[in-house]
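Please read the following report alongside the sequence and the structure. It takes up a few residues and helices in turn.

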Amino acid sequence: MNPTEMDASRPSVIEQPGVSKDTFVRGCSKGLKTVWLMSKFMVPLIVLVTVLGKTPWLAMLGNAFAPILGFIGLPGEASVGILLGLAVNLYAAIGAAAPLDLTVKQATIFAFFLLISHSLLIEGAITKNFGAPAWKLTGLRLLTSFLFAFLLNVLWPN
């Protein structure tokens, strides 16, 4: 049996048992809505950081944060992504970090840092609504992020 005959005998994705045409169309629709939602955050921030990179502003911001981020192995320019991730959400951070030329190690540290500490304003408000000590938990998340990122930076060989 040649590959063409095998493909002809296989049902298409839409015809497979358990996947109706409605399910397939609904999945595509939800996927496109998710892409649109993420694009609304990421595309403007990619453009903004790219434009900032052409001006002295990103370098000035990077120089201001370079001593702090140097402890965790990130360049100062990553501060825009870190700040957006801390204040807004992960999509904003990814959009801001995309134009930067991060190494695999730096991208991993960046991701783990924000995995622990992201959307602090929104999540702090939610935490406070539940009666938990929001400032203490926010501080703990930030401290844990720095500690984990620092350990990753020290233990990851160059």
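Ser119 counts as buried because its relative accessibility is 9%, where buried means under 20% relative accessible area, exposed over 50% and partly exposed in between, with a 1.4 Å probe and protein chains only. This is a predicted model, in which local features need pLDDT of at least 70 and side-chain atom pairs count only at pLDDT 80 or more, while totals for chains, interfaces and linings use all residues. Residues are numbered from 1 along each chain as its sequence is written, and side-chain values use heavy atoms, with hydrogens and water left out.

Ser119 is found in the loop between helix H6 (104-116) and helix H7 (120-129), helices being DSSP runs of H or I with at least four residues, numbered from the N terminus. Its phi is near 45°, a positive value in a residue other than glycine. Most residues other than glycine have a negative phi.

Asn158, found in the segment after helix H8 (134-155), is exposed, and the table sets its relative accessibility beside that of two other residues.

| Residue | Relative accessible area | Class |
|---|---|---|
| Ser119 | 9% | buried |
| Ile94 | 43% | partly exposed |
| Asn158 | 92% | exposed |

The C-alpha atoms of Asn158 and Lys105 are separated by 8.3 Å, although these residues are 53 residues apart along the chain.

Ile94 lies in helix H5 and belongs to a nonpolar surface patch that it forms with Leu37, Phe41, Val88, Leu90 and Tyr91, with about 460 Å² of accessible area together. The elements that give two or more residues to this patch are helix H2 (21-53) and helix H5 (90-97), and H5 gives the most, with 3 residues. Such a patch is made of residues with over 30% relative accessible area and no salt bridge, nonpolar side chains being joined within 5 Å; a salt bridge is a side-chain nitrogen of Lys or Arg within 4 Å of a carboxyl oxygen of Asp or Glu. Accessible areas come from the Shrake-Rupley method with a 1.4 Å probe.

Helix H3 (residues 56-70) and helix H4 (residues 79-87) pack at an angle of about 75°, with their axes 9 Å apart, which means that H3 is roughly perpendicular to H4, a term for angles of 65 to 115 degrees. The axes are lines fitted to C-alpha atoms over the stretch in contact. Leu58, Leu61, Gly62, Phe65 and Leu69 in H3 meet Ser79, Val80 and Leu83 in H4, contact meaning heavy atoms within 4.5 Å. The buried residues of H4, among them Ser79 and Val80, pack against H2, H3, H5, H6, H7 and H8.

Key
Patches are made of residues with over 30% relative accessible area and no salt bridge: like charges are joined within 9 Å, nonpolar side chains (Val, Leu, Ile, Met, Phe, Trp, Tyr) within 5 Å. Axes are lines fitted to C-alpha atoms, for helices over the stretch in contact, and angles run from 0 to 180 degrees between N-to-C directions. Angles under 35 degrees count as roughly parallel, over 145 as roughly antiparallel, 65 to 115 as roughly perpendicular and the rest as oblique.
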